[in-house]
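Trainee: Please take me through one part of this model at close range, starting from a single residue and working outwards to whatever surrounds it.

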Amino acid sequence: MQYILIADSGSTKTDWCLVKDGQQQARLETKGMNPFFQTQEQMEEEIRQNLLPNLPNEQPAAVYFYGAGCTPEKSPLVKASLERCFPQATAIEVNSDLLAAARALCGRKPGIACILGTGSNSCYYDGDAISFNVPALGFILGDEGSGANLGKRLVSDLLKNQLPADLKQAFFDEHNTSQADIIDRVYRQPFPSRFLASFSPFLSRHREHPAVHQLLVKAFKSFIRRNVMQYQYNTLAMNCIGSVAHYYCNEITEAANELGVSIGQIMKSPMEGLVAYHS
């Protein structure tokens, strides 16, 4: 069985797809692999323990890995891990999650491609490559509109008493946490962005609350102003991919409409588009 393996990796999880003759054969999931936060050895261990046992005995003919943190400087770490795990693959490519979004959303046509998941990013894609990218800068300096950014806005406003008392009470009723625990998880424990993004479902459950609605729209307007509006938004639509894009499509559309930005495709996952692209 000759097949190709396509991976879409965020900070939280990696989605793997086995493809044969242009058709999806199986979908698998492992933990996210980000070379900014994990060593080559840690990424290789994740593949060996949680992916390889679930794959066919035959090696894939090619592996196409798209991931958060896969910059030109960090991609060689991921590629080395894959080469050690798939020594018989004739082609192994490692590209950014942003290129995955652009290829999935735009195919081979120019467009504005955005990621709104645990983190956020955006670019102008010329139909072949990313030709302009406003830097994402991570959840401390940037990542506007991401799950981590939404969680940061929520807990910051709650702990500084900037949200109504009923919302604060609901938060602590639903989450077994405290101010001290939040501070510890954000400043002293690994993967603070994942922790902050874990509060996004609370916002989704309470999205009809006026204060939550205002927080969401304000966050997405910040993303659009600081990122999308630096591209050719007057002539091109804003296309979005990711879990946050999928679940908050109404609030994103509202924010875009208020700023005069048109919305194109909104997808939860790039995998179907990547399968089509590589087939």
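**Around Val-228: core and sheet**

Mentor: Leaving aside residues up to four places away in sequence, Val-228 touches Ile-112, Cys-114, Phe-223, Tyr-233, Met-238 and Val-261, where contact means heavy atoms within 4.5 Å. This is a predicted model, in which local features need pLDDT of at least 70 and side-chain atom pairs count only at pLDDT 80 or more, while totals for chains, interfaces and linings use all residues. Residues are numbered from 1 along each chain as its sequence is written, and side-chain values use heavy atoms, with hydrogens and water left out.

Val-228 belongs to the largest nonpolar core, a set of 45 residues. Such a core consists of buried Ala, Val, Leu, Ile, Met, Phe, Trp, Tyr and Cys residues joined through side-chain atoms within 4.5 Å; buried means under 20% relative accessible area, with a 1.4 Å probe and protein chains only. Leu-150, Ile-224, Val-228 and Met-238 have the most contacts inside this core. Helix α10 (residues 210–226) is its main contributor, giving 9 residues. Separate from it is a second core of 21 residues, with Tyr-3, Met-33, Ile-47 and Val-78 among them.

Next comes the sheet. Its 5 strands are ordered β8-β7-β6-β9-β10, and the sheet is open with mixed pairing. Helices (H or I, at least four residues) and strands (E, at least two) are DSSP runs, numbered from the N terminus, and two strands pair if DSSP finds at least two bridges between them. β8 (130–132) and β10 (263–267) are the edge strands, each with a single partner, so one side of each has no neighbour in the sheet. From one strand to the next, the twist averages 35°; angles run from 0 to 180 degrees between N-to-C directions, and axes are lines fitted to C-alpha atoms, for helices over the stretch in contact.

At the β8 edge, strand β7 (residues 120–125) pairs with β8 in the antiparallel sense over 2 bridges. Tyr-125 has Ile-130 of β8 as its bridge partner.

Helix α10, the one that gives the most to the core, packs on this sheet and touches β6 (111–116), β7 and β9 (238–241). The direction of α10 makes about 35° with that of β7. Helix α12 (residues 249–259) also meets the sheet, lying across β6, β9 and β10 and running at about 160° to β10. β6 and β9 are thus listed for α10 and for α12.

Definitions and conventions. Buried means under 20% relative accessible area, exposed over 50%, partly exposed in between (1.4 Å probe, protein chains only).
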